[in-house]
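Subject: Handing over the structure

Hi,

Here is the structure I promised to pass on to you. Have a look at it first, and then read on for my notes on what turned up in it.

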Amino acid sequence: MFLLTSVLVAVVCLLMVWIFQNADGGTQRRKGEPRARAEARPWVDEDLKDSTDVHQLEEDADGWQVSEEEVDHIPFSHTRYPEKEMLKRSQEFYELLNKRRSVRFISNEQVPMEVIDNVIKAAGTAPSGAHTEPWTFVVVKDPDVKHKIREIVEEEEEINYLKRMGPQWVSDLKKLRTKWIKEYLDTAPVLILIFKRVHGFAANGKKKIHYYNEISVSIACGILLAALQNAGLVTVTTTPLNCGPRLRVLLNRPANEKLLILLPVGYPSEEATVPDFARKPLDQIMVTV
């Protein structure tokens, strides 16, 4: 009983010390107000912090641009289809995308660059937070640069498979017959590396907030995948773990750009195979309320 009382007294004392320390801190902040500046920092989504940002610093709120831009609003032009046409178009679009597969065997046959331009323009139509359009699509055709990308990716991927990913992740990938060797990074005629811009810059040099930059760029990547499928090209979505900083430097991208996805793009090779997967039926992915 005595021991329990002693422990209770100790806990109460610690609680009182904590309360007084926070009260003093609050008084000091009212005098110097250093915390107020920190709270004035621009909006940041803590859940989507970039894990490849090895030099992430606290930014002064005065370094950010406050938007005062006025934009005219114009009438919206819309094409409305009859219901039969809507059903036909939606069914055909679904059937087209249902044929999309992740293909790791890509031919070295060249693809028309105008097609690549068009699919990236299509990706650039994606919605983005406050219309900041926080994406950069780096198209790599140069064989030497592609090979350097492969060397960086394979070096890190070997470590990922042997150490970082863990036995469960590696086991889950066995059915895909994938490994750290990425031949398609050399053979694919085009590599598209998609970077998210974690912030932009105003004309006066101040930083511009890019709201939900990762979600915005991810939506653009989804549209890009659909556009590639529509054009008759194949790819495999890759997220090079721990490769972002080195690839950013290789491609001479600024520090505010972080690699999100790497897509090798081309035609499937003659020996291309894919896992015999089935997609979930509608009743397993949709809930109607």
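A good place to start is helix α4, which lies across β1, β2 and β5 and runs at about 165° to β1. Helix α8 lies across β1, β2 and β5 as well, running at about 155° to β2. Please keep in mind as you look around that this is a predicted model.

**The sheet**

The strands under those helices make an open sheet of three, in the order β1-β2-β5, with antiparallel pairing. β1 and β5 are the edge strands, each of them pairing on one side only. From one strand to the next, the twist averages 20°.

If you would like to follow the pairing residue by residue, begin with β1 and β2, which are antiparallel and joined by six bridges. Phe137 has Ile194 in β2 as its bridge partner. On the other side, β2 and β5 also run antiparallel, and eight bridges join them. Three pairs are handy to find there:

- Ile192 is opposite Leu263 in β5.
- Leu193 faces Leu262 in β5.
- Arg197 is placed opposite Glu257 in β5.

How much of these strands is covered? In β2, seven of the eight residues are buried, and in β5 the count is nine of nine.

**The cores**

As a bit of background, nonpolar side chains tend to be buried together in soluble globular proteins. The largest nonpolar core here has 23 residues, and those touching the most other members are Ile116, Phe137, Ile192, Ile194, Leu224, Leu263 and Val265. At least two residues of this core come from each of α4 (113-123), β1 (135-140), β2 (190-197), α8 (213-231) and β5 (257-265). Of these, α8 gives the most, with seven residues. There is also a second, separate core of 20 residues, which includes Val138, Val153, Ala188 and Phe195.

Ile192 is worth clicking on to see how the pieces meet. Leaving out residues up to four places away in sequence, its contacts include Ile116, Ile120, Phe137, Val139, Leu224, Ile261 and Val265. Leu263, the residue opposite Ile192 in the β2 to β5 pairing, is also among the residues that Ile192 touches.

**A closer look at Val265**

Val265 sits in strand β5. Is Val265 buried or exposed? Its relative accessible area is 0%, so Val265 counts as buried, the cut-off being under 20%. Apart from neighbours within four places in sequence, Val265 is in contact with Ile106, Ile116, Ala188, Pro189, Val190, Ile192, Leu228, Leu233, Val234 and Thr235. Another pairing to check is Val265 with Val236: they are 29 residues apart in sequence, and their C-alpha atoms are 7.9 Å apart in space.

**The cavity**

Lastly, how many cavities of 30 Å³ or more are there? The count comes to one, and the largest cavity holds about 50 Å³ of space. Its lining is made up of Arg100, Arg101, Leu225, Leu228, Gln229, Leu233, Val234 and Thr235. You will recognise some of these names from the paragraph above: Leu228, Leu233, Val234 and Thr235 are also among the contacts of Val265.

Enjoy exploring, and do write back with any questions.

Best wishes

Technical notes
Residues are numbered from 1 along each chain as its sequence is written. This is a predicted model: local features need pLDDT of at least 70, side-chain atom pairs count only at pLDDT 80 or more; totals for chains, interfaces and linings use all residues. Side-chain values use heavy atoms; hydrogens and water are left out. A nonpolar core is a set of buried Ala, Val, Leu, Ile, Met, Phe, Trp, Tyr and Cys residues joined through side-chain atoms within 4.5 Å. Buried means under 20% relative accessible area, exposed over 50%, partly exposed in between (1.4 Å probe, protein chains only). Helices (H or I, at least four residues) and strands (E, at least two) are DSSP runs, numbered from the N terminus. Contact means heavy atoms within 4.5 Å. Two strands pair if DSSP finds at least two bridges between them. Axes are lines fitted to C-alpha atoms, for helices over the stretch in contact, and angles run from 0 to 180 degrees between N-to-C directions. On a 1 Å grid over the protein atoms alone, a cavity is a set of points where a 1.4 Å probe fits but cannot get out, and a pocket is an open set with protein on both sides within 12 Å along at least five of seven lines; lining residues have an atom within 4 Å of a point. Grid points are joined across faces, edges and corners, and a volume is the space filled by probe spheres set on the points.
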